[in-house]
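The following exercises are to be worked through with the sequence and the 3D structure at hand. Each task is followed by a solution in steps.

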Amino acid sequence: MAVLLQAGATSSISPSMSRRGWWAERPSTPTETPLTDEVLALAKSSDAVVLGAMGGPKWDGLDYSIRPERALLALRQELGLFANLRPVKLFAPLAQASTLKPEVVAGTDLLVVRELTGGIYFGQPKGVTTEPDWSTPRPEIERIARVAFDAAAGAAAG
Ligand SMILES: CC(C)[C@H](C(=O)O)[C@@H](O)C(=O)O
């Protein structure tokens, strides 16, 4: 947030930020949902949501319904954030820090595109079938493929 505020201070963008969520406000022993209706409404009315890393051993014993990552999953679903872009780029000076041989990682520059709101991500439908119903997954697959191919086309164009 400090970086974003600094960026705002030196540009024409003036971010107004609100740090919310139980992990931000009451990180001791939460007993309620990690994403309240109020915080969700705030997220929906915002131009952007910055979500930092969450979770940790401290919260491992919590019931699944109130674990920190439930907020992450709910935000993704409620905001329709289906495309997750995870760039993997090797900075040459860090090649020696990799567990892989430098000659193997040299030049690594790729983008992992991950679907985050569809039935497949949430493990739906459950069970095993020899004749899957593609009516729902097909649009989900097409939209994430479009994001991936657009990114690839953009990268190829330089
Ligand atoms: C919390 C977990 C379900 C989530 C995921 O794997 O989707 C997170 O680890 C991530 O990488 O965004």
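**Exercise 1. Polar contacts of the ligand**

What is the distance from an oxygen atom of the ligand to an N or O atom in the side chain of Arg114?

*Solution.* The model is a predicted one. In it, the side chain of Arg114 places an N or O atom 2.9 Å from a ligand oxygen. A polar contact requires a pair of N or O atoms within 3.5 Å, and the Arg114 pair, at 2.9 Å, is therefore a polar contact. Two further side chains are then to be examined. For Arg76, a polar side-chain atom is found 2.6 Å from an oxygen atom of the ligand. For Tyr121, the corresponding distance to a ligand oxygen is 2.3 Å. As to cover, the ligand on its own has 310 Å² of accessible area, of which the protein covers 60%.

**Exercise 2. The shell around the ligand**

Identify the residues around the ligand, and determine which helix contributes the largest share of them.

*Solution.* Step one is the list: Glu69, Leu72, Leu73, Arg76, Arg86, Arg114 and Tyr121 surround the ligand. Step two sorts the shell by character: four residues are charged, three are nonpolar and none is polar. Step three assigns the main contributor: helix H4, residues 68-78, supplies four residues, the largest share.

**Exercise 3. Two residues compared by exposure**

Is Thr117 buried or exposed? Decide likewise for Ala155.

*Solution.* Buried means under 20% relative accessible area, and exposed means over 50%. Thr117 has a relative accessible area of 14%, so it is buried. Its position is in the loop between strand S2 (109-115) and helix H6 (137-157). Beyond four places away in sequence, Thr117 touches Arg76, Gln77, Gly80, Leu81, Phe82, Phe122 and Arg143. With Arg143, the side chain of Thr117 also forms a polar contact of 2.9 Å.

Ala155 belongs to helix H6. Its relative accessible area is 60%, and Ala155 is therefore exposed. From Arg114, Ala155 is separated by 41 residues in sequence and by 17 Å in space, C-alpha to C-alpha.

**Exercise 4. The buried side of a helix**

Which residues of helix H3 (residues 37-44) are buried, and against which helix do they pack?

*Solution.* The buried residues of H3 are Val39, Leu40 and Ala43. Around the helix axis they cover an arc of only 100 degrees, so they lie on the same side of H3. The buried residues of H3 pack against H4, the helix that gives the largest share of the shell around the ligand.

How values were computed
Residues are numbered from 1 along each chain as its sequence is written. This is a predicted model: local features need pLDDT of at least 70, side-chain atom pairs count only at pLDDT 80 or more; totals for chains, interfaces and linings use all residues. Side-chain values use heavy atoms; hydrogens and water are left out. A residue is near a molecule or strand if one of its heavy atoms lies within 4 Å of it. A polar contact is a pair of N or O atoms within 3.5 Å; within protein, one must be able to donate a hydrogen and the other to accept it, and residues adjacent in sequence count only if both atoms are side-chain atoms. Accessible areas come from the Shrake-Rupley method with a 1.4 Å probe; for residues, only the protein chains shown count as cover. Helices (H or I, at least four residues) and strands (E, at least two) are DSSP runs, numbered from the N terminus. Ala, Val, Leu, Ile, Met, Phe, Trp, Tyr, Cys and Pro count as nonpolar, Asp, Glu, Lys and Arg as charged, and the others, Gly among them, as polar. Buried means under 20% relative accessible area, exposed over 50%, partly exposed in between (1.4 Å probe, protein chains only). Contact means heavy atoms within 4.5 Å. The arc is that of the directions from the helix axis to the C-beta atoms.
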